[in-house]
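User: I'm a first-year student, and I'd like to understand where the labels on a structure come from. Please take me through the one shown here.

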Amino acid sequence: MARTRVLVCGAGGFIGGHLVGRLKREGFWVRGVDLKYPEFSSTEADEFVIGDLRDQKIAAEAVDGMQDVYQLAADMGGAGYIFTGEHDAVVMHNSATINLNVLEYGRQSGIARFFYSSSACIYPAHNQEDPGNPICSEESAYPAAPDSEYGWEKLFSERLYLAYMRNYGTRVRIARFHNIFGPQGTWDGGREKAPAAICRKVAQAPTGGSIEIWGDGTQTRSFLYIDECVEGLRRLMESDFPGPVNIGSEEMISIRGLAELVISISGKQLRIESIPGPLGVRGRNSDNRLIRSRLGWAPSGRLADGMKATYDWIRDQVLAAKPASASRRLDQQKPVGRTAAAIPHSSDD
Ligand code: NAD
């Protein structure tokens, strides 16, 4: 029997790279497309297209001959990138253009199913002011009031996929990811998220020294280990439920608590110091009632286990003194074609 051919958009990124590996292990034929190759390992995809999905021609070529599409490409980063306001226009323009292109050309070429990666960032800021009791049930998304333009673009694109489902019968699956972390994720350069940033700071600090965290550390979040993210994603894709549905952990922790956890994993004696920085909402946690009821499954791994695997990987990167990872500014990139040589592998530019 012919193997199902699937496209992973954003296959050079953190979640996309892990997803490609998972799909290959499940027996799919996989085409990846991204502006860049994965940073920390070689791709497992059968075919990897270096290309810019803002370019209609690239999007049309990428979906050609595919049956399913996993759309994870987005202009994103940690709080230091998406919450400062400096990149709002670029973030919205780039990500919306990618979704418009992939969905329309995918529809025209007869794609059977689309997966779309939305985010917990779509939830209203006013429901996340109490760090002890954030509200993130799926229906609480409306009336909408995300705290970032990144979140507004995600909400727009969710609605775009749902509109294609209503008007064209396109089969879509939409997940709202909550802070995914793990090995092979960006760990420096300004786009890294809190778990990776804290692991790096702890790994770099001499014992007896200190690490800095943004804010007083009382803001809360939950963090989901990459393997469970990919598991939830695949279960959603194979289900008959379009979503949107949260894929996240319900194990909420303060940022100070996370720093203490990583310090204890490291075995070092370190002080924690607060410095000003972009914070985002006061509290956020996944609400897994819907995923449990619709998929009969929800993430259940322990944060400490995922953080240990992540700390060990980042400590090894720090020890190997890897050069700072590329914090590529997409607005500075020129559209590129299929030539791998057009994009430097992993450089600061
Ligand atoms: P990532 O930045 O590692 O991966 C995104 C990839 O998209 C990158 O490799 C990037 O080069 C690629 N890309 C960007 N613009 C492109 C373009 N014009 N053409 C082709 N490729 C392009 O991010 P990730 O953490 O792997 O996230 C994947 C998806 O999940 C994103 O849509 C993100 O918004 C969403 N998400 C992630 C998290 C998380 O915690 N990681 C949380 C919520 C939502």
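Analyst: Happy to! Helices (H or I, at least four residues) and strands (E, at least two) are DSSP runs, and they are numbered from the N terminus. With those names, Gln 184 can be placed in the loop between E7 and helix H6 (194-204). Please keep in mind that this is a predicted model.

User: What makes the phi of Gln 184 worth a remark?

Analyst: Most residues other than glycine have a negative phi. Gln 184 is not a glycine, yet its phi is positive, about 75 degrees. Asn 179 is also not a glycine and has a positive phi, about 40 degrees. Asn 179 sits in the loop between strand E6 (171-177) and strand E7 (180-181).

User: How do you know whether Gln 184 is buried, exposed or partly exposed?

Analyst: Compare its relative accessible area with the cut-offs: under 20% is buried, over 50% is exposed, and partly exposed lies in between. Gln 184 has 28%, so partly exposed is the right label. Asn 179, at 23%, is partly exposed as well.

User: Why is Leu 162 given its burial label?

Analyst: Its relative accessibility is 18%, which is under 20%, so Leu 162 counts as buried. Leu 162 lies in helix H5. Its C-alpha is 8.8 Å from that of Ile 174, while 12 residues separate the two in sequence.

User: What about Asn 246: which label does it get, and which polar contacts does its side chain make?

Analyst: Asn 246, in strand E11, has a relative accessibility of 0%, so it counts as buried. Its side chain makes a polar contact of 3.1 Å with the side chain of His 178. A polar atom of that Asn 246 side chain also lies 3.0 Å from the backbone oxygen of Asp 287. Both distances fit because a polar contact needs N or O atoms within 3.5 Å.

User: Why is the pair Glu 61 and Lys 57 called a salt bridge?

Analyst: Side chains of opposite charge can pair when their charged atoms come close. The cut-off is 4 Å between a side-chain nitrogen of Lys or Arg and a carboxyl oxygen of Asp or Glu. For Glu 61 and Lys 57 the N to O distance is 3.1 Å, so the pair qualifies. The two are 4 residues apart in helix H2 (residues 56-63), which means about one helical turn separates them. Lys 57 is exposed at 58%, whereas Glu 61 is partly exposed at 26%.

User: Where do the partners of the salt bridge between Arg 292 and Glu 250 lie?

Analyst: That bridge has an N to O distance of 2.8 Å. It links distant parts of the chain, 42 residues apart: Arg 292 is in helix H9 (residues 289-295), and Glu 250 is in the loop between strand E11 (245-247) and strand E12 (253-254). Arg 292 is partly exposed at 41%, and Glu 250 is partly exposed at 34%.

User: How many salt bridges are there in the whole structure?

Analyst: The search finds 22.

User: How do you know whether the length of helix H4 agrees with what is expected?

Analyst: Helix H4 (residues 88-108) has 21 residues, and at 1.5 Å a residue it should span 30 Å. Its end C-alpha atoms are 30 Å apart, so the two values agree. Just after H4 comes Gly 110, with a positive phi of about 85 degrees.

User: What makes the peptide bond from Tyr 142 to Pro 143 stand out?

Analyst: Most peptide bonds are trans. The one from Tyr 142 to Pro 143 is cis, with omega near -5 degrees. Pro 143 lies in the loop between E5 and H5. Another cis bond joins Gly 243 and Pro 244, with omega about 0 degrees.

User: Which residues are closest to the ligand, and what makes a residue count as part of its surroundings?

Analyst: A residue counts if one of its heavy atoms lies within 4 Å of the ligand. That gives 27 residues, and the closest are Ile 15, Asp 34, Asp 52, Tyr 150 and Ile 180. They divide into 13 nonpolar, 8 polar and 6 charged. Strand E5 gives the largest share, 3 residues.

User: Which atoms of Leu 72 and Ser 117 approach the ligand?

Analyst: A polar backbone atom of Leu 72 is 3.0 Å from a ligand oxygen. For Ser 117, an N or O atom of the side chain is 3.1 Å from a ligand oxygen. The protein covers 93% of the 810 Å² of accessible area that the ligand has on its own.

Methods. Residues are numbered from 1 along each chain as its sequence is written. This is a predicted model: local features need pLDDT of at least 70, side-chain atom pairs count only at pLDDT 80 or more; totals for chains, interfaces and linings use all residues. Side-chain values use heavy atoms; hydrogens and water are left out. Buried means under 20% relative accessible area, exposed over 50%, partly exposed in between (1.4 Å probe, protein chains only). The expected span of a helix is 1.5 Å times one less than its number of residues. A polar contact is a pair of N or O atoms within 3.5 Å; within protein, one must be able to donate a hydrogen and the other to accept it, and residues adjacent in sequence count only if both atoms are side-chain atoms. Accessible areas come from the Shrake-Rupley method with a 1.4 Å probe; for residues, only the protein chains shown count as cover. Ala, Val, Leu, Ile, Met, Phe, Trp, Tyr, Cys and Pro count as nonpolar, Asp, Glu, Lys and Arg as charged, and the others, Gly among them, as polar.
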